[in-house]
Each structure stands twice: as structure tokens, then as C-alpha cells.
Amino acid sequence: MSEQLYPGVFLRVKALVIDSIMLVLMMGAVTFLFSKLESVPETFRIVAFVVIFVLYDPLLTSLAGGTVGHKANGIRVKRASNHDKNILLPMAILRFLIKAFLGIISLVTLSFNDERRGIHDLASGSVVLYDQQPTA
């Protein structure tokens, strides 16, 4: 049995860049849709953008094991206690909020443990893994 390898900062930042592009595209699509509809209340616009921004990462992480950026980079988010299971939505929301609040600090903490778990991973009980183990 080989030792588990964990993705580092570079792949996780690449995933974040892809996810940022996805968020911009989704917000652009909602803006376009609302521009085609007559008299959409400002409150609906605000709610739509908040929902997209706040729920994109947690929903995909809990339901699919990762965001579009994770999948594009061959990584996934799983429970640290059981690598076969996705994290639950409340834990995915907690993970996202901590990651968003701490920003780069959370990424820097990846190098402080063998499983490369950031503060957001430790708090939510998650771990980021490769879809398939890279060959040495």
C-alpha cells in the first residue's frame, strides 16, 4: 500500500482561479437574464448575487466532492475521517466562510501538516485529495 499524497498550494490556487472565473460567468449570466426581464426588484438582484457567491463552493463541495476548479485540476474535497464521503453542507459552508474570511492565511497553513490541511479544512473536517494518486 502506497503512502497517500496530498495536493499542495499551487493546485489549490489554480482551482480557486478557475472558480473565480466561473463565479464571474454565472454573475454575468444572471445580469444578462435580469436585463432581459422588465422591472426586476433590486432586492432580487442582490439576493441572486449573494446566493451565487456564497453557495457555489459549498453546494458543489458537499454534493459533488468539489467545485469546477477542483475537478479541472484533478482534486476533490472529502471528509478527513472517511475519504470516500463528501463533507456535509453545513461543514462545506463553514469551510467556505473560514477560507473566505482568512484568505491567503488559510492557504499558508497548508504547509504546517502532513495532510496539507488548511485552517478551513481542519475546522470543517475536510481534506483535499487527488482524484487519482500521482505516480512517483
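Leaving aside its neighbours within four places in sequence, which residues is Lys78 in contact with? Select Lys78 in this predicted model and display its surroundings. Beyond those sequence neighbours, Lys78 is in contact with His83, Asp84, Lys85, Asn86, Ile87, Gly125, Ser126, Val127 and Leu129.

**Stop 1: Lys78**

Keep Lys78 selected and colour strand 1, residues 75-79, in which Lys78 lies. Lys78 is buried yet takes part in no salt bridge. Select Asp84 next: this is the nearest side chain of opposite charge, and it is 7.1 Å away from Lys78. Since a salt bridge requires a nitrogen-to-oxygen distance within 4 Å, the pair is not counted as one. Now add Asn86, whose side chain makes a polar contact of 2.5 Å with the side chain of Lys78.

**Stop 2: the nonpolar cores**

Hide the polar side chains and select Leu11, Ala15, Ile75, Val77, Ile87, Ala92, Val128 and Tyr130. These 8 residues form the largest nonpolar core. Helix 1, strand 1 and strand 2 (126-130) each supply at least two residues of this core. In soluble globular proteins, nonpolar side chains tend to be buried together.

Within this core, centre the view on Ala15. Apart from neighbours within four places in sequence, Ala15 is in contact with Gly69, His70, Asn73 and Ile75. Then select Leu23, Val30, Val40 and Ala48, which are among the 7 residues of another core, lying apart from the largest one.

**Stop 3: the salt bridges**

How many salt bridges does the structure hold? There are 5 salt bridges, and three of the pairs are visited here.

Begin with Arg12 and Asp121, whose side chains meet in a salt bridge at 2.6 Å, N to O. This pair links distant parts of the chain: Arg12 is in helix 1 (residues 9-36) and Asp121 in helix 6 (residues 119-124), 109 residues apart. Both Arg12 and Asp121 are buried.

Proceed to Asp57 and Lys99, a salt bridge in which the closest N and O atoms are 3.0 Å apart. Here too distant parts of the chain are linked, with Asp57 in helix 2 (residues 42-64) and Lys99 in helix 4 (residues 89-102), 42 residues apart. The relative accessible area of Asp57 is 8%, so this residue is buried.

The next selection is Arg117 with Glu115, whose side chains form a salt bridge at 3.6 Å, N to O. Arg117 has 12% relative accessibility and therefore counts as buried, whereas Glu115, at 29%, counts as partly exposed. Finally, select Arg12, Arg95 and Asp121 together: salt bridges that share partners join these residues into one network.

**Stop 4: the aromatic pair**

A search of the whole structure finds 1 aromatic pair. Select Phe53 and Phe96: the ring centres are 5.8 Å apart and the planes stand at 75°, so the arrangement is edge-to-face. This pair links distant parts of the chain, Phe53 being in helix 2 and Phe96 in helix 4, 43 residues apart.

Is each ring's residue buried or partly exposed? Phe53 counts as partly exposed because its relative accessibility is 42%. Phe96, with a relative accessible area of 10%, is buried.

Technical notes
Residues numbered from 1 in each chain as written. Predicted model: local features only at pLDDT ≥ 70, side-chain atom pairs only at ≥ 80, totals over all residues. Heavy atoms only, no water. Helix = DSSP H or I, 4+ residues; strand = E, 2+ residues; numbered from the N terminus. Buried < 20%, exposed > 50% of the residue type's maximum accessible area, 1.4 Å probe, protein only. Phe/Tyr/Trp six-rings, centres within 6.5 Å; stacked < 30°, edge-to-face > 60°. Lys, Arg positive; Asp, Glu negative; His and termini not counted. Polar contact = N/O pair within 3.5 Å; in protein donor to acceptor, adjacent residues only side chain to side chain. Contact = heavy atoms within 4.5 Å. Core = buried A, V, L, I, M, F, W, Y, C linked by side-chain atoms within 4.5 Å.
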